[in-house]
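Biologist: Thanks for sitting down with me over this one. Could you show me the structure, and then let me ask about it piece by piece?

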Amino acid sequence: MVTWLRANLFNNVFNSAITVLLGTLLLYVLSQVWGWGISHAVWVADAEQCNTARGAGACWGVVAEKYRIIIFGRYPFEAQWRPLLATLLLMALLLASCVRLFWKPWLAALWVGVLVVFFILMHGGVLGLATVTTDQWGGLPLTILLASLSVVGAFPLAVLLALGRMSDLPVIRSLCTVYVELIRGVPLISVLFMASFLFPLFMPVGTSIDVLLRVLVAMILFAGAYLAEVIRGGLQAIPRGQYEAAASLGLTYWQMQGKIILPQALATVVPGIMNNFISTFKDTSLVTIVSLYELTGSLDLAVNSDPDWLPYKLEGYLFIAAIYFVFCFSLSRYSQWVERQVSRGKVH
Amino acid sequence: MSNNQADYMIEFAKVNKWYGHFHVLRDIDLQVRRGERIVICGPSGSGKSTLIRCINRLESHQKGKLTVDNLELSDDVKVLHEVRRKVGMVFQQFNLFPHLTVLENLTLAPIQVNKLSKVEAEERAMEQLQRVQIAEQAYKYPLQLSGGQQQRVAIARTLCLTPQVLLFDEPTSALDPEMIKEVLDVMTELAEQGITMLCVTHEMGFAKSVADRVIFMDQGQIVEENNPHDFFNRPRNERTQAFLAKILTH
Ligand SMILES: Nc1ncnc2c1ncn2[C@@H]1O[C@H](COP(=O)(O)OP(=O)(O)OP(=O)(O)O)[C@@H](O)[C@H]1O
Ligand SMILES: [Mg+2]
């Protein structure tokens with residue numbers, strides 16, 4: 001320990017000075033954060049107290065006061081057990097889907113089943129549940145729904161696009177290339193705007209597609225284009241000999257892709273795929289701008305209309321930032337685990 | 001089947017192939033009888049690989065007629081599928097599937113292509129692994145094996161599909177010298193069992209002891225073909241003579 005310190009931090013006068021300077025700075029920042037966030041903070045939902053502590057300490061009371069709206073958005077208060085249950089179900093399924101052992105056909109069936117239950121719980125209108133239309137859905141359930149369905153939808157789309165771009169058929173190849181380049185050329189926000197405001201203009205009068213569905217499709221189309229490029233990178237890393245061996249054994253195109261090429265290609269780009277999933281998860285926060293109140297949007301809902309608590313929006317943001325962090329960090333730990341799994345049995 | 005084509009397993013008739021403007025195969029005429037063992041040699045870039053890769057259409061020819069067991073190769077996918085079931089191929093770089101165990105490498109195609117049950121496919125695979133003497137490696141991954149072992153796995157993999165023709169493209173060129181023999185031994189054993197073999201190799205010892213016919217290629221043409229004895233002792237063409245002089249002085 002001491003030798004390590006001496007070798008790495010205090011090996012000459014200049015480095016020692018820098019170590020002391022940065023160390024002091026770090027201590028100072030930490031003590032400030034501690035003072036504001038913990039020791040001088042107000043932990044109860046009392047606007048008076050928060051007001052007195054303002055400037056000196058954080059007001060975590062805002063979270064205590066508003067967490068139901070932050071987590072569930074505009075969903076009717078008494079019925080919030082429904083999104084809670086639905087979200088827990090969906091998260092259990094997501095966790096189960098992370099386990100390789102469960103990658104069997106029944107998992108797909110389970111997905112369909114859980115999504116149906118999710119929808120029934122959220123939307124109601126049957127089994128004596130009051131109807132809650134999708135524009136009232138919000139908060140964490142909406143974030144998780146959008147994120148998981150975007151990922152689940154984008155993945156197969158991306159695989160097809162990537163294969164298409166590597167295809168021998170010029171028509172398919174150019175279609176896929178044009179698609180990917182078009183989508184990559186515009187920001188997600190504009191795709192969302194198109195889905196929510198422009199698209200309905202082209203629909204026949206009287207018909208309408210739910211805005212949530214339109215936004216979901218937009219997110220899938222967008223995430224798919226990016227993910228396709230990641231997967232294409234993996235495909236390009238596969239040596240020609242693998243294709244030739246598969247072909248010489250008489251495998252068809254899809255057998256070859258499914259059993260030989262894709263398993264290897266996807267394994268080489270696990271970090272990139274997970275990176276894409278994480279950014280898709282965070283991109284869901286953009287749907288606020290088309291009036292879907294997911295986690296970020298529901299925070300606005302919770303505090304913007306309440307002058308007592310509006311000054312403490314920062315604390316609210318920190319709270320949802322912590323929620324995002326928990327999810328994204330779990331994803332990245334999972335990514336590392338997957339990487340270790342796929343590199344088993346390899347000697348290089 | 002009275003027509004004499006039926007006697008040939010593989011028949012090239014004025015086959016030509018170009019890579020862009022580069023004329024890589026020129027008027028290839030070659031008939032291979034059932035069970036015949038042919039060694040193909042020639043300088044680098046002479047088109048040896050291209051020639052045998054046309055047989056299972058990893059490369060397509062542009063002119064002429066190429067038949068395998070009386071099936072004419074064309075863009076017809078069904079015929080191609082038929083042909084590939086009859087023709088097995090062993091590559092210089094082994095081309096095993098690194099993400100699958102040795103056993104899975106062997107059972108994949110029988111299960112997918114021939115629709116065998118897993119149990120049956122594994123049974124057959126173990127037989128073939130015994131034949132090439134590496135049954136004890138069945139549950140390892142290819143990259144955990146030596147080059148010689150990998151090449152024997154690759155041979156066993158094609159044998160699991162019970163091919164009628166085996167194509168070898170320099171199967172020992174990527175191997176360290178001490179491993180060449182174990183692979184050649186397996187190939188020799190196969191040759192004795194009457195399977196049709198076309199082998200691109202510069203292992204002249206193998207050619208002498210196993211081949212029915214040796215073919216010499218240069219610049220996309222078959223320059224000379226003969227039985228091994230005459231091929232090595234009385235080469236007629238001067239390019240063959242020069243080539244042999246170079247190879248045999250090593
Ligand atoms: N895909 C390709 N595109 C263009 N030219 C090619 C291609 N494949 C091979 N060639 C050329 O065709 C010629 C014949 O190649 P081939 O691989 O058949 O030679 P070879 O006799 O097997 O040589 P070697 O002993 O080096 O393996 C070479 O000049 C090579 O450069
Ligand atoms: Mg070659």
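Biologist: Let me start with a pairing detail: which residue in E2(B) does B:Glu11 stand opposite?

Modeller: Happy to help, and please keep in mind that this is a predicted model. Strand E1 (residues 8-19) of chain B and E2(B) run antiparallel and are joined by eight bridges. Within E2(B), the residue opposite B:Glu11 is B:Gln31.

Biologist: Which residue takes a positive phi in the hairpin of E1(B) and E2(B)?

Modeller: That hairpin has two residues between the strands. One residue there has a positive phi near 60 degrees, and this is B:Gly20.

Biologist: And on the E4(B) side, what is the bridge partner of B:Ala13?

Modeller: E1(B) is also joined to E4(B), by five bridges, and these two strands run antiparallel. In E4(B), B:Ala13 has as its bridge partner B:Lys65.

Biologist: Which strands stand at the edges of that sheet, each with a single partner strand?

Modeller: The sheet is open, with antiparallel pairing, and its four strands follow the order E2-E1-E4-E5 in chain B. A strand with a single partner is left without a neighbour on one side, so the edges here belong to E2 and strand E5 (71-72) of chain B.

Biologist: Which residue of E5(B) does B:Val68 stand opposite?

Modeller: Strand E4 (residues 63-68) of chain B and E5(B) are antiparallel, with two bridges between them. Opposite B:Val68 in E5(B) is B:Leu71.

Biologist: Let's turn to the other sheet. Which are its edge strands?

Modeller: This sheet is open too, and its six strands come in the order E6-E7-E8-E3-E9-E10 in chain B, with mixed pairing. The edge strands pair on one side only, and they are strand E6 (87-90) and E10 of chain B.

Biologist: By how many degrees are neighbouring strands of this six-stranded sheet turned against each other on average?

Modeller: The order to follow is E6-E7-E8-E3-E9-E10 in chain B. With direction ignored, the average turn between neighbouring strands of this sheet is 20 degrees.

Biologist: What is the bridge partner of B:Met217 in E10(B)?

Modeller: Strand E9 (residues 213-218) and strand E10 (residues 221-226) of chain B run antiparallel and share five bridges. One pairing in this ladder is B:Ile215 with B:Glu225. For B:Met217, the partner in E10(B) is B:Ile222.

Biologist: Which residue in the turn of that hairpin has a positive phi?

Modeller: E9(B) and E10(B) form a hairpin with two residues between them. The turn residue with a positive phi, about 50 degrees, is B:Gln219.

Biologist: Now for the ligand. Which element gives the largest share of the shell around ligand 1?

Modeller: Residues surrounding ligand 1 include B:Tyr19, B:Phe22, B:Pro43, B:Gly47 and B:Thr50. By class, the shell has four nonpolar, six polar and two charged residues. The largest share, three residues, is given by H1(B).

Biologist: How much of ligand 1 does the protein bury?

Modeller: Polar side-chain atoms reach oxygen atoms of the ligand: B:Lys48 at 2.8 Å, B:Ser49 at 2.6 Å and B:Glu170 at 3.2 Å. Taken alone, ligand 1 exposes 640 Å², and the share of this buried by the protein is 60%.

Biologist: Over to chain A. How far apart are the end C-alpha atoms of residues 211-231?

Modeller: An unreviewed UniProt entry places the feature "transmembrane region" at several spans of chain A, including residues 84-103 and 211-231. For residues 84-103, the span is 70% helix and 0% strand, and its end C-alpha atoms lie 26 Å apart. Residues 211-231 are 100% helix and 0% strand, and their end C-alpha atoms are separated by 30 Å.

Biologist: One last thing: what percentage of residues 140-335 of chain A is helix?

Modeller: In the unreviewed UniProt entry, residues 140-335 of chain A are listed as "domain: ABC transmembrane type-1". The end C-alpha atoms of this stretch are 22 Å apart. Strand makes up 1% of residues 140-335, and helix 77%.

Definitions and conventions:
Residues numbered from 1 in each chain as written. Chains lettered and ligands numbered in written order. Predicted model: local features only at pLDDT ≥ 70, side-chain atom pairs only at ≥ 80, totals over all residues. Heavy atoms only, no water. UniProt positions renumbered as here; feature names shortened; annotations may be inferred. Near = heavy atom within 4 Å. Polar contact = N/O pair within 3.5 Å; in protein donor to acceptor, adjacent residues only side chain to side chain. Areas by Shrake-Rupley, 256 points an atom, 1.4 Å probe, with all protein chains shown as cover. Nonpolar A, V, L, I, M, F, W, Y, C, P; charged D, E, K, R; others polar. Pairing = 2+ DSSP bridges. Axes fitted to C-alpha atoms, helices over the stretch in contact; angles between N-to-C directions.
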